[in-house]
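Welcome! Take a moment to look over the sequence and the model, and keep both at hand while you read.

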Amino acid sequence: DEKGVSPVIGVILMVAATIVVAAVVLGMLGGFNPPKKTYSVAVTASKTPQGKVTLTFIGGPDASLVQSFDGKIINLSLNATPPEEPIDDLDPIVGDTMTSDYSYPDGAHVVVNATFKDGTEQVVLDTYV
């Protein structure tokens with residue numbers, strides 16, 4: 001009758017050890033935090049006939065939550081002038097546009113980040129024009 005006691009205790013100990021290992025791994029990974037909200041806003045980039053980059057804030061469901069935009073236009077050509085131009089003149093007003101100060105050849109890399117009212121930041125445009 002006592003032979004059945006050891007396998008049951010062994011299984012219980014194995015399950016307990018598995019739970020402890022899972023808790024340690026979960027604790028190291030940061031626990032069960034809720035996922036960050038992904039905001040839905042749109043910014044477009046186009047080029048003028050003179051080669052300048054124009055950004056337009058199109059809007060979206062979360063447009064009213066945008067606090068500011070920043071980012072940069074990167075000229076990927078060798079010995080480029082300017083090599084990089086900051087994006088700081090685009091206002092968080094739907095329909096607002098910003099045109100670069102410089103002309104860029106095809107292939108300029110445009111990255112626009114939005115800062116939202118809750119303090120989070122998100123890339124809203126990453127493209128080549």
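Is Pro105 buried, partly exposed or exposed? Pro105 counts as partly exposed because its relative accessibility is 34%. Here, buried means under 20% relative accessible area, exposed means over 50%, and partly exposed lies in between (1.4 Å probe, protein chains only). Pro105 is found in the loop between E5 and E6.

Before going on, a word about what you are looking at. This is a predicted model, in which local features need pLDDT of at least 70 and side-chain atom pairs count only at pLDDT 80 or more, while totals for chains, interfaces and linings use all residues. Residues are numbered from 1 along each chain as its sequence is written, and side-chain values use heavy atoms, with hydrogens and water left out.

**The overall plan**

Let us start with the chain as a whole. The chain has one helix and seven strands, and along the sequence they follow the pattern α-β-β-β-β-β-β-β. Helices (H or I, at least four residues) and strands (E, at least two) are DSSP runs, numbered from the N terminus. Of the 129 residues in the chain, buried ones make up 29%.

**Residues that meet across the fold**

Some residues can be compared by their separation in sequence and in space. The table lists three such pairs, with the spatial values taken from C-alpha to C-alpha.

| Pair | Apart in sequence | Apart in space |
|---|---|---|
| Ala45 and Thr99 | 54 residues | 9.6 Å |
| Pro105 and Gly51 | 54 residues | 6.5 Å |
| Ser40 and Ala63 | 23 residues | 7.6 Å |

Ala45 sits in strand E1 and, at 23% relative accessibility, counts as partly exposed. Ser40 lies in the loop between H1 and E1; with a relative accessibility of 38%, Ser40 is partly exposed too.

**Pairs of rings**

Now look for aromatic side chains. Rings of Phe, Tyr and Trp (its six-membered ring) pair if their centres lie within 6.5 Å; planes under 30 degrees apart count as stacked, over 60 as edge-to-face and the rest as tilted. By this rule there are two aromatic pairs. Why does the pair of Tyr39 and Phe116 count as stacked? The ring centres of Tyr39 and Phe116 are 3.9 Å apart and their planes are at 15°, so the pair is stacked. This pair links distant parts of the chain, 77 residues apart: Tyr39 is in the loop between helix H1 (5-29) and strand E1 (42-47), and Phe116 is in strand E6 (residues 109-116). Tyr39 is buried, with a relative accessible area of 8%, and Phe116 is buried at 0%.

Phe57 and Phe69 form an edge-to-face pair, with 4.9 Å from centre to centre and 70° between the planes. Phe57 belongs to strand E2 (residues 52-59) and Phe69 to strand E3 (residues 66-74), twelve residues apart. Both Phe57 and Phe69 are buried.

**Pairs of charges**

Side chains of opposite charge can pair when their charged atoms come close. A salt bridge is a side-chain nitrogen of Lys or Arg within 4 Å of a carboxyl oxygen of Asp or Glu. How many salt bridges does a search of the whole structure find? The search finds two.

One joins the side chains of Asp62 and Lys37, at 3.8 Å from N to O. Asp62 is in the loop between E2 and E3, and Lys37 is in the loop between H1 and E1, 25 residues apart. Asp62 is buried, with a relative accessible area of 11%.

The other is formed by Asp106 and Lys47, whose closest N and O atoms are 3.4 Å apart. Asp106 lies in the loop between E5 and E6 and Lys47 in strand E1, 59 residues apart. Asp106 is exposed because its relative accessible area is 70%, whereas Lys47 is partly exposed at 27%.

**A patch on the surface**

Finally, turn to the outside. Val11, Val15 and Ile19 make a nonpolar surface patch of about 280 Å². Patches are made of residues with over 30% relative accessible area and no salt bridge: like charges are joined within 9 Å, and nonpolar side chains (Val, Leu, Ile, Met, Phe, Trp, Tyr) within 5 Å. Accessible areas come from the Shrake-Rupley method with a 1.4 Å probe; for residues, only the protein chains shown count as cover. Ile19 is found in helix H1 and, at 55% relative accessibility, counts as exposed.
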